[in-house]
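Here is a short tour to read with the model open beside you. Take a look at the fold, then follow along.

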Amino acid sequence: MTYSLVDVERWRYSIFRKLNCQDRENALSRALDTLETLLLASINKQISEFSRPAGRGFEAGEPLGGRGAVTTNALLEARGVRKRFGAVEALRGASFSINAGEVVALMGDNGAGKSTLIKTICGVHSPDEGEILFHGQSIAGRTPSEIHGMGIETVYQDLALAPDLDTAANLYLGREVLAKGVLGWFGVLNRKKMAGHAQQVLTDLNVNIKDPAAPVAMLSGGQQQSVAVARAVTWANELVIMDEPTAALGVPQTRAVLDLIRRVRDSGRSVVLISHSLPDVLAVSDRIEVLRLGTRVARLTTKDTTEEQIVGAMTGAFTSEEAE
Ligand SMILES: Nc1ncnc2c1ncn2[C@@H]1O[C@H](COP(=O)(O)OP(=O)(O)O)[C@@H](O)[C@H]1O
Ligand SMILES: [Mg+2]
């Protein structure tokens with residue numbers, strides 16, 4: 001028999017009503033917290049194994065690059081990555097690189113392979129061919145949770161939030177803060193601390209969530225997007241990858257996300273920004289790499305590049321780098 005978090009919430013609510021009890025700190029509530037923590041742990045395990053095909057396994061404790069380090073100055077580099085889905089070859093020898101402290105925009109028409117490339121970097125897909133290097137060492141075929149452990153966080157285009165959980169729980173998914181002392185040993189969560197921090201990050205992002213206790217499924221598309229961005233930025237200590245983060249946002253929230261990207265860079269971290277918005281890309285990126293039909297066709301320095309050159313690279317009218 002499996003229970004979902006919605007079931008737990010329902011029990012909690014009905015028990016409170018029966019006891020006519022307003023106090024969330026009572027023993028019953030704690031017992032339910034423990035149950036919820038156990039459920040969260042099992043859901044997280046499933047998420048981290050999510051859609052990863054059985055690929056090359058890595059033994060725990062094996063040093064990074066144990067299979068031969070390759071020389072590169074980039075923080076992250078993808079070389080000649082191929083990925084096929086049945087008849088569709090989404091990536092045909094795609095390459096990409098980003099240095100420490102850089103914001104690189106990854107651009108390209110719909111279907112160019114941008115999302116597939118970043119999912120391959122993040123361990124959601126295994127590359128059929130090619131190499132992915134982080135600090136010069138191979139990470140191809142690692143699991144998403146191993147990639148998170150290296151300080152890389154991703155805002156996926158399809159968000160990957162837990163719809164039944166509230167904002168704070170989503171921000172802390174898989175990294176729940178336990179209560180101090182004995183309660184913590186029993187898996188009791190420190191909800192106050194998580195909620196306070198969640199509120200702080202969202203205020204920084206200019207996002208006003210009227211009911212922070214509501215499940216994120218009840219929030220608008222833009223608010224959900226902001227929760228996903230906040231989560232990635234909170235946990236990434238090396239690299240944040242954002243797949244179309246401003247697509248669902250209004251003007252003030254877009255501006256807040258762009259500000260946040262600058263702050264992430266100022267803190268020495270790197271950002272890969274996938275976006276169709278030329279104004280956004282020109283406003284925050286240091287460099288632009290363009291994918292077309294599954295290969296990189298251009299590497300541009302933003303300040304030396306015109307909009308015509310970017311559009312030309314995306315449509316195939318202009319190429320500064322032949323398929324490698
Ligand atoms: N899981 C999948 N199964 C089958 N085809 C896929 C899958 N993911 C992506 N594709 C295909 O791969 C190509 C590249 O898609 P995608 O990486 O999403 O492009 P982009 O993000 O640049 O719009 C598209 O033709 C798309 O239909
Ligand atoms: Mg995409």
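Strand β3 pairs in the parallel sense with strand β9 (residues 287-292), over four bridges. At one of the positions along this pairing, Met107 sits opposite Val290 in β9. Keep in mind that this is a predicted model.

β3 also has a partner in strand β8 (residues 270-274), again parallel and over four bridges. Here Val104 has Val272 of β8 as its bridge partner. The pairings of β3, together with one from another part of the chain, look like this:

| Strand pair | Sense | Bridges |
|---|---|---|
| β3 and β9 (residues 287-292) | parallel | four bridges |
| β3 and β8 (residues 270-274) | parallel | four bridges |
| β1 (residues 76-85) and β2 | antiparallel | eight bridges |

How many residues of strand β3 (residues 103-107) are buried? Five of the five are, so the strand is largely enclosed by the rest of the structure. In a regular strand, side chains alternate between the two faces of the sheet. In β3, Val103, Ala105 and Met107 point one way, Val104 and Leu106 point the other way, and all of them are buried.

Now for the nonpolar core. The largest one has 75 residues, and Met242, Val272 and Leu273 have the most contacts inside it. Val272 is already familiar as the bridge partner of Val104. As for Leu273, once you set aside neighbours within four places in sequence, its contacts include Val103 and Ala105, along with Met242. The rest of that list is Ile261, Val281, Val284 and Ser285.

Next, the antiparallel part. An open sheet of four strands runs in the order β2-β1-β4-β5, with antiparallel pairing. Its edge strands are β2 (88-98) and β5 (137-138), each of which pairs on one side only. β1 (residues 76-85) and β2 are joined by eight bridges, and Lys83 stands opposite Leu91 in β2. Helix α3 (residues 114-121) lies across β1, β2 and β4 (129-134), and runs at about 115° to β1.

What surrounds ligand 1? Going along the chain, the shell takes in Phe85, Val88 and Ala90, then Gly108, Asn110, Gly111, Ala112 and Gly113, and finally Lys114, Ser115 and Thr116. The elements that give two or more residues to this shell are β2 and α3, and α3 provides the largest share, with three residues. By class, the shell holds four nonpolar residues, six polar ones and one charged one.

One loop deserves a stop as well. Ala179 is in the loop between α5 (167-171) and α6 (181-185). Is Ala179 buried or exposed? Ala179 counts as partly exposed because it has 18 other C-beta atoms within 10 Å, while a buried residue needs 20 or more. Leaving out residues up to four places away in sequence, Ala179 touches Gly184, Val188, Leu189 and Asn190. Leu189 is ten residues from Ala179 in sequence, and the two are 5.1 Å apart in space, C-alpha to C-alpha.

Finally, zoom out to the whole protein chain. The chain has eleven helices and ten strands, and 36% of its 324 residues are buried. Of the contacts between residues at least 6 apart in sequence, 68% join residues at least 24 apart.

Conventions: Residues are numbered from 1 along each chain as its sequence is written. Chains are lettered from A and ligands numbered from 1 in the order in which they are written. This is a predicted model: local features need pLDDT of at least 70, side-chain atom pairs count only at pLDDT 80 or more; totals for chains, interfaces and linings use all residues. Two strands pair if DSSP finds at least two bridges between them. Two residues are in contact if their C-beta atoms, placed from the backbone, lie within 7 Å. Axes are lines fitted to C-alpha atoms, for helices over the stretch in contact, and angles run from 0 to 180 degrees between N-to-C directions. A residue is buried if 20 or more other C-beta atoms lie within 10 Å of its own, exposed if 12 or fewer, and partly exposed in between; C-beta atoms are placed from the backbone. A residue is near a molecule or strand if its C-beta atom, placed from the backbone, lies within 6 Å of it. Ala, Val, Leu, Ile, Met, Phe, Trp, Tyr, Cys and Pro count as nonpolar, Asp, Glu, Lys and Arg as charged, and the others, Gly among them, as polar. A nonpolar core is a set of buried Ala, Val, Leu, Ile, Met, Phe, Trp, Tyr and Cys residues joined through C-beta atoms within 7 Å.
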